Amino acid sequence: MASITKRFGGWQTRISYKKRNGKYTTFSKAGFKTKKAAQLYSNSIEDNIALGILPNDKKILTFLQNTSIVGLKTLKSKNI
């Protein structure tokens with residue numbers, strides 16, 4: 001569940017979720033220029049959480065970033 005608040009002239013999103021060990025925690029990010037940008041970001045994080053990808057799970061995030069970069073390079077080289 002995400003809450004979006006205005007802070008210091010920008011927008012902040014705070015998402016609470018349940019970790020794999022069963023405890024609840026929060027993840028927050030600030031500095032969005034618009035409320036809509038904060039909403040889009042929190043929606044994408046919530047979608048990842050629903051898929052089992054937690055915000056602070058660095059191994060999975062690094063894997064996804066690397067595979068998406070390789071995928072983009074492959075698409076660019078094939079001119080698709």
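Student: Taking contact to mean heavy atoms within 4.5 Å, what share of the protein chain's contacts with a separation of 6 or more comes from residues 24 or more positions apart?
Tutor: In this structure, which is a predicted model, residues 24 or more positions apart account for 34% of the contacts with a separation of 6 or more.

Student: OK, and which pattern do the helices and strands follow along the sequence?
Tutor: The protein chain has three strands and two helices, and reading along the sequence gives β-β-β-α-α.

Student: How are the three strands ordered in the sheet?
Tutor: They form an open sheet in the order β1-β2-β3 with antiparallel pairing, and the edge strands, each pairing on one side only, are β1 (2-7) and β3 (24-32). From one strand to the next, the twist averages 20 degrees.

Student: How many bridges join β1 to β2?
Tutor: Six bridges join these two antiparallel strands, and T5, for instance, has Q12 in β2 as its bridge partner. β1 and β2 form a hairpin with two residues between them, and F8 sits in that turn.

Student: What about F8, is it buried or exposed?
Tutor: F8 counts as exposed because its relative accessibility is 79%, where exposed requires over 50%. F8 lies in the loop between β1 and β2, and its phi is near 50 degrees, a positive value in a residue other than glycine. As background, most residues other than glycine have a negative phi.

Student: And the other hairpin, which residue in the turn has a positive phi there?
Tutor: In the hairpin of β2 and β3, which has five residues between the strands, G22 in the turn has a positive phi of about 95 degrees. Eight bridges join β2 to β3, and the two strands run antiparallel; K18 stands opposite Y24 in β3, and R14 has S28 in β3 as its bridge partner.

Student: Switching to the helices, which strands does α1 lie across?
Tutor: Helix α1 lies across β1, β2 and β3, and runs at about 15 degrees to β2.

Student: Which residues does S42 touch, leaving out those up to four places away in sequence?
Tutor: S42, which belongs to helix α1 (residues 35-50), touches A2, I4, T13 and I15 when those sequence neighbours are not counted. S42 counts as buried because its relative accessibility is 2%, and buried means under 20%.

Student: Which residues make up the largest nonpolar core?
Tutor: That core has six residues, namely I15, Y17, F27, I45, I49 and L54, and β2 (10-18) and α1 each supply at least two residues of this core. In soluble globular proteins, nonpolar side chains tend to be buried together.

Student: Going into that core, what is I49 in contact with, apart from its neighbours within four places?
Tutor: Leaving those neighbours aside, I49 is in contact with I15, Y17, L54 and P55.

Student: Where is P55, then?
Tutor: P55 is found in the loop between α1 and α2 (58-78). P55 counts as buried because its relative accessibility is 11%, and its C-alpha atom is separated by 9.5 Å from that of I15, although the two are 40 residues apart along the chain.

Student: New topic: how many aromatic pairs are there?
Tutor: The count comes to one aromatic pair, formed by F32 and Y41, whose ring centres are 5.3 Å apart and whose planes are at 45 degrees, so the pair is tilted.

Student: Is F32 buried or exposed?
Tutor: F32 is buried, because its relative accessible area is 11%. Its ring partner Y41 counts as partly exposed because its relative accessibility is 22%, a value that falls in the range between under 20% for buried and over 50% for exposed.

Student: Last one, what percentage of the residues in the protein chain is buried?
Tutor: Buried residues make up 20% of the 80 residues in the protein chain. As for the surface, the protein chain exposes about 6200 Å², and carbon and sulfur atoms supply 57% of it.

Technical notes:
Residues numbered from 1 in each chain as written. Predicted model: local features only at pLDDT ≥ 70, side-chain atom pairs only at ≥ 80, totals over all residues. Heavy atoms only, no water. Helix = DSSP H or I, 4+ residues; strand = E, 2+ residues; numbered from the N terminus. Buried < 20%, exposed > 50% of the residue type's maximum accessible area, 1.4 Å probe, protein only. Contact = heavy atoms within 4.5 Å. Areas by Shrake-Rupley, 256 points an atom, 1.4 Å probe, with all protein chains shown as cover. Core = buried A, V, L, I, M, F, W, Y, C linked by side-chain atoms within 4.5 Å. Pairing = 2+ DSSP bridges. Axes fitted to C-alpha atoms, helices over the stretch in contact; angles between N-to-C directions. Phe/Tyr/Trp six-rings, centres within 6.5 Å; stacked < 30°, edge-to-face > 60°.
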